[in-house]
Every structure is written in structure tokens, then in C-alpha cells.
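Please open the model in a viewer and keep the selection panel at hand. The tour below proceeds by selection, one stop at a time.

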Amino acid sequence: MTDIAASPDSRMDQFLAGARACVPVAISVAAYGLVWGVLARGAGLSLLEVIMMSALVFAGSAQFVALDLWTATPAALPIGALVLAALIVNLRYLLLTATLRPLYPAKGLLGGALSMYLVTDENWAMTVAAMARGKGSVAFLMGGGALAWIAWMSTNLVGYGLGSAIDDPSRWGLDFAFTATFLALLLGMWKGRGDLVPWLVAALAAILTSRLVEGSWHILVGGVVGSLVGAYLETRKNAHKS
Amino acid sequence: MLTSPEAVAAILGMAIVTMAVKASGFLLADRLPRDGFAAAWLRHIPGAVLAALVAPAVVTGGVVEAIAAAATAAVFILSKNLFAAMAIGVATVYTVRLLVAG
């Protein structure tokens, strides 16, 4: 871990590099943040509740699902369903944060575990792409997370303040910014023919799951199945060699 | 009305389970062996998760998304520039949707 020995200056550089790397996806986060703010007002959340939810939960897809379940009358609020939905939508983070473990030193796990708060799909993707090139650091991860947090929170508030109908992000093609960025990151991770089968399996499993089940299950199912196939093929190949 | 005890309970509950899931993945990775199958599995997760994120969006979107995905991939392979690839993808979706709708 060179990061521990690194000077504060270079850690700041890494933090800023992480933030810069996340600019392409932060634009999309901001567009959806605006929409979420507008919808949150429509769903009957107070300004304080918007701030609390975006600050503490900080998970876009879970927050969109929560708006479907939210009621303006407190007594009717389905607390159990809201918590369960957040758990289910966010289960994919088990896979994401597990892959970030190599960035952290062997000791001091509590601080590392707490820093997972700032992990989103976006800065995770940028950081694992950097790790694949032998780069990436905790500061890089945090820089991207901080940018995503600011983009999400500030546009939530603007959307809530405007309150009126805002253009659908898909009208400007902004819904595709996530897909395009993740696709480019995926291509950048290509290491050779050994990746082809696991990726195809992950893609097919995800497509099938998304047809059958609502929500974000396809990410978890595709991620688990594809990576297990990859690990199986790799260990079998190594066993043949030895 | 600022908020209600019910709303605070729901938001705190959502925050706690989200944080618990994120921290669990990180902490469980520490329990996995550093070599063999488990290590290979962790190495293959990023590509598989990204493929799982991208594939349904491209396939279920239809022709527009398929064209835009091809344009994104072409620009990235040629330029290795992430921002350019993203911008071309978004611009393609925007243009083709305009043409199709108009």
C-alpha cells in the first residue's frame, strides 16, 4: 500500500483526480437528482426529509423506489416496506464494495468500512477501472464519491425548490450517459479472450433477469453468475497447467 | 410541517440497511482466501457487474440504444477517451430519438 506513505499533496491530487474522472457520470447523476427532487416534492416529502434522505441514504435507485412507497400522512407511512425495499435495491453493493478491499491497508478495517458510505455505482466503476490499470487509491475513490454526493444533494434541492415539471432526462439522451460510460469502462477492462465468456454470461443472465424481475436484481444476478463462471474457467485452466 | 417520527424512522432504517450492505461486502472480502477460487472470483466481479449493468439497457432499449452503444464502443476503442465516448453516445441517442420522433 503506497497510499499510506504518500504525502498529503499526492493524496489531494488523487482525490481531485477521482473527482475529475467522475465528471462524465456526475452530469447524469445531476440530471436524475433534479428529477428526484421534483418527484420528492410531489410525493409529499418535506424539505428536511429530502435533506435527511439524500444525506443519509445517498443511493439513487433506492430513493426513487422509496418515492413510490412514500405517503404524505405519517401514520400511513409503510416503514417496513421502505426499509426492505432499500435493502433489496442495494444488495448489489455487496459485490461492489468487496472488490474495493485491496485498496485498503490490512489494518484499520472500521474506517474503511465506514468510508464505503461514499461508494456509488459511478465512483466504484471509475475506481475499479483505475485499479485494472494498476492505479486507483482510497483518495481517488473518495474524490469521485464526494463529487457524486455534491451533484446528487445540490440538484435534489434545486429540483425540490423548482417543484414543477422538469424535462425528462431521456429527452436529452442523458439517460444513456450511464450506459455509455459503463460500456466504455467495460471495454477498457478487456484483458484477453478469457474475459469473453464471463462477460457474455453476465450479460445474458442480466438481460434474462431484467425481463423476469423488476428492479435492480439483474445487476446482482449477472454480476454473481458471470464472475463465478470467470473464476471457474480461470481455476480450471490453471489446474490443467500444473 | 418539518417532519414526523415515522418519516425519521423510515429514513434512518433505509440509511442503516444501505450502510450495512456496503460495509458487509467490504468486510466479507477480508474473510475470503487471498488465492485460489475466491481470489479469482473477486477479480472477475468488476467486469461481470459492468456487463450486467450495460447489457439490459442496450438490448431492451431498442434500435436507438443499439446504434448509440455501437457508436460509443467505436469512439472508445479508437480514442481511449471516456468522456468523448460518453458524449458521442448521448449525442447519438439524442439525435436518433429526434429523427425517429420527428
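Begin with chains A and B displayed together: between chain A and chain B there are 13 residue pairs in polar contact, with both residues of each pair at pLDDT 80 or more. The model on display is a predicted one.

**Stop 1: the surface between the chains**

Colour the side of chain A that touches chain B by residue class: 61 residues there are nonpolar, 18 are polar and 7 are charged. Next, select the contacting residues on both chains, which number 86 in chain A and 67 in chain B. Chain A and chain B bury about 6500 Å² between them. Carbon and sulfur atoms account for 81% of that area.

**Stop 2: salt bridges between the chains**

How many salt bridges are there between chain A and chain B? The count is 3. For a view of a salt bridge, select A:Glu234 together with B:Arg43 and show their side chains. The closest N and O atoms of A:Glu234 and B:Arg43 lie 2.4 Å apart.

**Stop 3: the domains of chain A**

Hide chain B and colour chain A by its domain assignment, with residues 2–189 as domain 1 and residues 191–242 as domain 2. Where these two domains touch, domain 1 of chain A contributes 7 residues and domain 2 of chain A contributes 9. A distance drawn between the two domain centres, taken over C-alpha atoms, comes to 25 Å.

The area buried between domain 1 and domain 2 of chain A is about 770 Å², and 77% of it is on carbon and sulfur atoms. Which residues of domain 1 of chain A lose the most area to domain 2 of chain A? Select A:Arg92, A:Leu95 and A:Met189, which together provide 51% of what the domain 1 side buries.

Now look for polar links across this boundary: domain 1 and domain 2 of chain A have 2 residue pairs in polar contact, both residues at pLDDT 80 or more. By class, the domain 1 side of this boundary in chain A holds 6 nonpolar residues, 1 charged residue and no polar residues. A search for salt bridges between domain 1 and domain 2 of chain A returns 0.

**Stop 4: the domains of chain B**

Finally, restore chain B and select its two assigned domains: domain 1 covers residues 1–31, and domain 2 covers residues 62–102. The centres of domain 1 and domain 2 of chain B, again taken over C-alpha atoms, are 37 Å apart.

Definitions and conventions: Residues numbered from 1 in each chain as written. Chains lettered and ligands numbered in written order. Predicted model: local features only at pLDDT ≥ 70, side-chain atom pairs only at ≥ 80, totals over all residues. Heavy atoms only, no water. Domains from an automatic or database assignment. Contact = heavy atoms within 4.5 Å. Buried area = accessible area lost by both parts, 1.4 Å probe. Salt bridge = Lys/Arg side-chain N within 4 Å of Asp/Glu carboxyl O. Polar contact = N/O pair within 3.5 Å; in protein donor to acceptor, adjacent residues only side chain to side chain. Nonpolar A, V, L, I, M, F, W, Y, C, P; charged D, E, K, R; others polar.
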